Amino acid sequence: MSRTDTQLGLTDLAQSQKLLAMGTLAGGIAHDFNNLLYAIQGYAEMCRQDAASTSPMLNNLDKILEATHRGQALVARILAFSRPQHRKTMPLSLRAVLDSALSLLKPTIPSSAHIQLTLPEDITVLGNQTELHQVMVNLVTNAADAMGGEGDITISAKSCPANDPALKPFSKLTHARYAVITITDTGEGMDASTINRIFEPFFTTKEVGKGTGLGLSIAHSILMEHQGGIHVESELGRGTTFTLILPQVTPSPKEQL
């Protein structure tokens, strides 16, 4: 193993240990916070029942309940990040996964953000369709946000053997072939300090109320649990490229979705 490979392995180990520690801390905080939300929700609902139907307090109580629902949704995301999930995996058509994710995104992405998908051959990966959808939706949404809703997002995929130079940023490759997916945007890009923290839980460059900082850390966790990986390259003023890898498999004719 070369020195570079050793450094990459140590970096992955440190990142995994950091994510594990943050996940444990986040899980404990989320559990306690959820108990507080239930109390707030319960008392707000009792106040709402006691208030007269014409009371101006009803609108304020509705806002409190709406806030508790948003808080509970955030807690669910934190717990999903902090707790190992039992996932069902199966051979999946990467083309079908990407097409489905992009069709889901179309109503939410501005028409001025142009998405181009290049997939010269269909590739089969072993994965959980829901989780891979989550990864793709998060990354493409982030790309559109980074461009201010205007620009080009290019998504491509190809099959590579484990010794391909395209896989050099990744360590601990245990499969013979991998699907390599790249997502490139023409946004504002990121500086080195941001890149170094991009996969940390709760780290975000978005405005308050527009991001939880969990999307990329969850994407990182999902890909690692799929025995794959994620890597980012970016430069201020020159856009960003995320590279994802997933183990490639050869399905039986009846298995592939």
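**A walk through the core and its helices**

In this predicted model, the largest nonpolar core holds 39 residues. Leu139, Ile153, Ile155, Phe242 and Leu244 touch the most other members. Several elements each give two or more residues to this core. The helices among them are α3 (94-105), α4 (129-146) and α6 (215-225). The strands are β4 (151-161), β5 (177-185), β6 (229-234) and β7 (240-247). Helix α4 supplies the largest share, 7 residues. Nonpolar side chains tend to be buried together in soluble globular proteins.

Leu244 shows how the pieces meet. Leaving aside residues up to four places away in sequence, Leu244 touches Val135, Met136 and Leu139. It also touches Ala179, Val180, Ile181 and Ile183. Leu223, Gly229 and Ile230 complete the list of its contacts. Another core lies apart from the largest one. This second core has 6 residues, including Cys160, Leu167, Tyr178 and Val180.

Now step back to the whole chain. The protein has 6 helices and 7 strands. From the N terminus, their order is α-α-β-α-β-β-α-β-β-α-α-β-β. Of the 257 residues, 40% are buried. Consider contacts with a separation of 6 or more: residues 24 or more positions apart account for 74% of them. The chain exposes about 14700 Å², and carbon and sulfur atoms supply 55% of that area.

Next, the helix pair α3 and α4. How do their axes cross? They come within 9 Å, at a crossing angle of roughly 50 degrees. That angle makes α3 oblique to α4. The crossing is right-handed. On the α3 side, the residues that meet α4 are Val97, Leu98, Ser100, Ala101, Leu102, Leu104 and Leu105. On the α4 side, their partners are Leu132, His133, Met136, Val137, Val140 and Thr141. Met136 thus appears twice in this account: it meets α3, and it is touched by Leu244.

Finally, turn to α6. Is this helix mostly covered or mostly uncovered? It is mostly covered, with 9 of its 11 residues buried. The buried residues start with Gly215, Leu216, Ser217, Ile218 and Ala219. His220, Ser221, Ile222 and Leu223 are buried too. Leu223 is also a contact of Leu244. After α6 comes Gln227, whose phi is positive, near 60 degrees.

Terms used
Residues are numbered from 1 along each chain as its sequence is written. This is a predicted model: local features need pLDDT of at least 70, side-chain atom pairs count only at pLDDT 80 or more; totals for chains, interfaces and linings use all residues. Side-chain values use heavy atoms; hydrogens and water are left out. Helices (H or I, at least four residues) and strands (E, at least two) are DSSP runs, numbered from the N terminus. Buried means under 20% relative accessible area, exposed over 50%, partly exposed in between (1.4 Å probe, protein chains only). Contact means heavy atoms within 4.5 Å. Accessible areas come from the Shrake-Rupley method with a 1.4 Å probe; for residues, only the protein chains shown count as cover. A nonpolar core is a set of buried Ala, Val, Leu, Ile, Met, Phe, Trp, Tyr and Cys residues joined through side-chain atoms within 4.5 Å. Axes are lines fitted to C-alpha atoms, for helices over the stretch in contact, and angles run from 0 to 180 degrees between N-to-C directions. Angles under 35 degrees count as roughly parallel, over 145 as roughly antiparallel, 65 to 115 as roughly perpendicular and the rest as oblique. A crossing is left-handed if the near helix is turned anticlockwise from the far one by less than a right angle, and right-handed if clockwise.
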